[in-house]
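Got the viewer open? Let's take a walk through this one together, one selection at a time.

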Amino acid sequence: MSLSGKARLAGVVGWPVGHSLSPRLHAYWLKHYGIDGAYVPLPVRREDLAMVLGGLHRAGFAGVNVTIPHKEAAFALSQRLDDAAQAAGAVNLLLFRDGVWEGRNTDAAGLAASLRAAHINLAGGRATLLGAGGAARASLLALDMLGAGEIHITNRNAGRAAQLCALMAPYIKAKLHVAENFEQAAAHSALLVNATSLGMQGQPDLNLSLEALPNSAAICDLVYTPLETSLLRQGRARGHQVVDGLGMLLHQAAPSFAAFYGVEPEVTPELRQWLLEVLQV
Ligand code: NAP
């Protein structure tokens, strides 16, 4: 649709940003809801971030999504933070509101919404989390939102997992444990989440034996390139319910769209298909 002089403007800042699916995703919703607005990719170098954000604010942008490598810098530049950004230590949504830079984080809520859409409710049960980076941090918050009673974390670098537990404990009701090994963590788990980059295109595969995981456990992989990772393929073959990483990507975008354009968008199978057309699956 064509834009008027009053179009609402937003975009995504990152470096590089050419791989981002966000412009395609938001363009779908803008068209679907007939909104007078635009969402543009904004390749911004680290050293230019503050200056570019200042310019976008002055040019009347409603805000921007923030992706790698700027999430921590956007956190530091925010004048106000929501609880999720505070807990995540990172901002993926920056709004220019009433002259104030307001940092939010929608990753944890996005993963929680994706798991809820798959009817996963932990209800005091155990979850196992692989990884201790930024995605693992968001995953801890999401698992807590879903009511996990205990979360067992394994990571190549166990010291980093222990640091993550110490950092996140104040924000999490669930009991956090650093597991000695995957088998110990997986036993009695209702959900396994991969928040490492293993299994992603160009990365080594995640080689795990799922023997210790109860048959009733679900498996979620945050990696979405490829969409069906070897972990999900192996899990499906063993009869586990599996949830791919595209759901998180779609659901984390919805609150951004609502904040930019004032419409709560729906995550639909058609939207998923629209993105699958450009994902090399
Ligand atoms: P990160 O901060 O760099 O963390 C990477 C994690 O992977 C660390 O736990 C690291 O372990 C582990 N790892 C990397 N290489 C490994 C190897 N060779 N062997 C064992 N462990 C290894 O990355 P991130 O931002 O958390 O992202 C992790 C993944 O989540 C990425 O694939 C990303 O695409 C995906 N993600 C998906 C979504 C979504 O919307 N679906 C959102 C965010 C992220 P060490 O600590 O030992 O280095």
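The tour goes from the whole chain to the ligand, then to a pocket and a few backbone oddities.

**Stop 1: the whole chain.** Before you click on anything, keep in mind that this is a predicted model. Show it as a cartoon: the chain has 11 helices and 12 strands. Turn it around, and the C-alpha trace spans about 60 × 35 × 35 Å along its principal axes. The radius of gyration is 19 Å, which agrees with the value near 19 Å that a compact globule of 281 residues would have.

**Stop 2: the ligand.** Select the ligand and its surroundings. Which residues come nearest? Of the 20 around it, they are Ala135, Asn155, Arg156, Arg160 and Gly245. By class, this shell has 10 nonpolar, eight polar and two charged residues. Colour helix 6 (134–145) and helix 10 (246–261) too, since each supplies at least two residues of the shell.

Now zoom in on the oxygen atoms of the ligand:

- A backbone N or O atom of Ala135 is 2.7 Å from a ligand oxygen.
- For Arg156, look at the side chain: one of its N or O atoms is 2.9 Å from an oxygen of the ligand.
- At Gly134, a polar backbone atom lies 3.1 Å from a ligand oxygen.

Switch on a surface, if you like: the ligand taken alone exposes 920 Å², and the protein buries 74% of that.

**Stop 3: the second largest pocket.** Select Ser114, Ala117, Asp244, Gly247 and Arg272, which lie nearest the centre of this pocket among its 14 lining residues. Helix 5 (107–117), strand 12 (241–243), helix 10 and helix 11 (269–276) each give two or more residues to the lining. Which element gives the largest share? That is helix 10, with three residues. The pocket's volume is about 230 Å³, and its lining has seven nonpolar, four polar and three charged residues.

**Stop 4: backbone oddities.** Most peptide bonds are trans, and most residues other than glycine have a negative phi. Here are some exceptions to click on.

Start with Ile68 and Pro69, joined by a cis peptide bond with omega of about 5°. Pro69 sits in the loop between strand 3 (63–66) and helix 3 (71–77).

Next, go to Thr225 and Pro226, where the peptide bond is cis, with omega near 5°. You'll find Pro226 in the loop between strand 11 (218–221) and helix 9 (230–237).

Finish at Ala123, in the loop between helix 5 and strand 7 (126–130). Ala123 is not a glycine, yet has a positive phi of about 40°.

Terms used. Residues numbered from 1 in each chain as written. Predicted model: local features only at pLDDT ≥ 70, side-chain atom pairs only at ≥ 80, totals over all residues. Heavy atoms only, no water. Near = heavy atom within 4 Å. Polar contact = N/O pair within 3.5 Å; in protein donor to acceptor, adjacent residues only side chain to side chain. Areas by Shrake-Rupley, 256 points an atom, 1.4 Å probe, with all protein chains shown as cover. Helix = DSSP H or I, 4+ residues; strand = E, 2+ residues; numbered from the N terminus. Nonpolar A, V, L, I, M, F, W, Y, C, P; charged D, E, K, R; others polar. 1 Å grid on protein atoms, 1.4 Å probe; cavity = no way out; pocket = protein on both sides within 12 Å on 5 of 7 lines; lining within 4 Å. Points joined across faces, edges and corners; volume = space filled by probe spheres on them. Rg over C-alpha atoms; globule rule 2.2 N^0.38 Å.
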